[in-house]
Amino acid sequence: MSVECFVTGGTGFIGQHLVALLSAKGHTVRVLMRRPERLATLREQVDALGGNSTRVFALAGDLQSDGLGLSPADRAVLKHAGVLFHLGAQFAWGLSMEQARAVNVEGAKRVALLAAEQNSRLVMIGGFMLKNHEHLRRIGIDPLHPQSTDWPAVYRRVGGYEGSKLEAHFATLALMAAKGGEMTVVHPATVCGHSRTGHILEGQPLVALIRNLVQGKLTAVPGTARHWLPLVTVDHLVDLTAACAFDPAMAGQELLALDDQTPDLRELLAQVAESVGVKSPRHYISLRWLKWLLKIAPVARFLNTQPEALDFIQTTRFDTSTLEQFANRHGIARPDICESLQHTARFVHSYCL
Ligand SMILES: NC(=O)c1ccc[n+]([C@@H]2O[C@H](COP(=O)([O-])OP(=O)(O)OC[C@H]3O[C@@H](n4cnc5c(N)ncnc54)[C@H](OP(=O)(O)O)[C@@H]3O)[C@@H](O)[C@H]2O)c1
């Protein structure tokens, strides 16, 4: 059955893959675009990723504008949307609280309001840190009582991007509960390139890590032997996200999209290094010390990263049994994360350096 879908963030990395998948499955996909004149480029990308671009359309708008900046005509078209996928976000390090909130929190609330008003299912992309309750409590969020959070203090601890993702999640859940809307949240780990082609876009955190390694800037492994950077491939993530959207049992549920076979960080770097023929670091540098170094602007510039990027490297292990059951129920196979990582490393080496 063909369903009308609305996608925010459809021009981004995960979004392009999701739009390709939905259109390939025969759905009509309307993408919120700040620059709708780039529709032709998006359609080319969608076709290159195996989608059907004739089913992809642009709706001019902006997450920062009231009513998403949609024209009354586009708003009328959207009334037929069965599912609203919210992926749009300002995804960058070093954002101020105000910048991050304007797009990531207020934008998410606007999309949620639209979904609730027109009775569409909302599928929102969160982040795996929301499933690490120990971490949430450490930074001042009680997941059972998020309304009592001192948000400016959280932003000071984790930075603008992550603070706004956490705040957006709880604000959206509250809004949908108040309006009686139907919502599903998918929480991805750091996203790896496509499992077969390695396709990934510039600007992704994993690209920065691979680039630093290839350019010889990563001479020690951040953390300890117990630290890892949990990954999920982009194709697996969009398979899971699309399945969530059309599964009535997933209304009101959250799904962690994380591959627990991701190797520890030292092994991950070793696999990347081997794929592109460079040396991998053997010794460790403490995260606290590295964060301190990254507070020195020239060091952060040289490494092209910010201290907040290190928060995703951690020792916590996650329970993925619900994910496995969900994937099995939908016949979604988990790609080999090590092979996917090697394809991604070669893709970055060929196209992103
Ligand atoms: N990639 C990861 O490792 C990862 C991990 C966990 C969660 N996530 C979440 O997954 C979602 C998608 O991530 P991604 O990696 O695909 O990000 P991305 O490649 O940076 O794409 C961001 C998208 O958001 C759109 N956007 C930004 N500001 C906007 C605004 N004011 N109005 C409308 N659209 C706007 C961008 O559109 P333009 O083309 O106009 O810039 C782009 O389509 C985000 O919510 C992110 O937080 C990502």
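Which residues are buried in helix 13? Keep that one in mind while we take a quick look at the whole chain, remembering that this is a predicted model.

The chain has 353 residues, and a compact globule with that many would have a radius of gyration near 20 Å; the chain comes out at 20 Å, so the two agree. Lay the C-alpha trace along its principal axes and it spans about 60 × 45 × 40 Å. Its secondary structure adds up to 14 helices and 11 strands. Buried residues account for 55% of the chain. Take the contacts between residues at least 6 apart in sequence, and 80% of them join residues at least 24 apart. As for the outside, the accessible surface is about 15,600 Å², with 50% of that belonging to carbon and sulfur atoms.

Now back to helix 13, which runs over residues 321-329. The answer to the opening question is Leu 323, Phe 326 and Ala 327. These three cover an arc of only 95 degrees around the axis, which puts them on the same side of helix 13. The spacing makes sense if you recall your helix geometry: an α-helix has 3.6 residues a turn, so residues three or four places apart point the same way. What do the buried residues of helix 13 pack against? Their partners are helix 9 (234-245) and strand 10 (254-257). Flip to the face turned away from the buried side and you'll find Gln 325, Asn 328 and Arg 329, which are exposed. After the helix comes Gly 331, with a positive phi near 65 degrees.

Carry on along the chain to helix 14, residues 337-351, and pick out Ser 340. Is Ser 340 buried or exposed? Its relative accessible area is 1%, and since anything under 20% counts as buried, Ser 340 is buried. Who sits around this serine? If you ignore neighbours within four places in sequence, Ser 340 is in contact with Cys 192, His 194, Ser 195, Thr 233 and Pro 335.

For a contrasting spot, step back to helix 11, residues 287-294, where you'll meet Trp 289. This tryptophan has 47% relative accessibility, so it counts as partly exposed; the label covers values between 20% and 50%. Trp 289 also has company at the surface: together with Trp 292 and Ile 296 it makes a nonpolar patch of about 340 Å².

How values were computed:
Residues are numbered from 1 along each chain as its sequence is written. This is a predicted model: local features need pLDDT of at least 70, side-chain atom pairs count only at pLDDT 80 or more; totals for chains, interfaces and linings use all residues. Side-chain values use heavy atoms; hydrogens and water are left out. Patches are made of residues with over 30% relative accessible area and no salt bridge: like charges are joined within 9 Å, nonpolar side chains (Val, Leu, Ile, Met, Phe, Trp, Tyr) within 5 Å. Accessible areas come from the Shrake-Rupley method with a 1.4 Å probe; for residues, only the protein chains shown count as cover. A salt bridge is a side-chain nitrogen of Lys or Arg within 4 Å of a carboxyl oxygen of Asp or Glu. Helices (H or I, at least four residues) and strands (E, at least two) are DSSP runs, numbered from the N terminus. Buried means under 20% relative accessible area, exposed over 50%, partly exposed in between (1.4 Å probe, protein chains only). The arc is that of the directions from the helix axis to the C-beta atoms. Contact means heavy atoms within 4.5 Å. The radius of gyration is taken over C-alpha atoms; the globule rule is 2.2 Å times the number of residues to the power 0.38.
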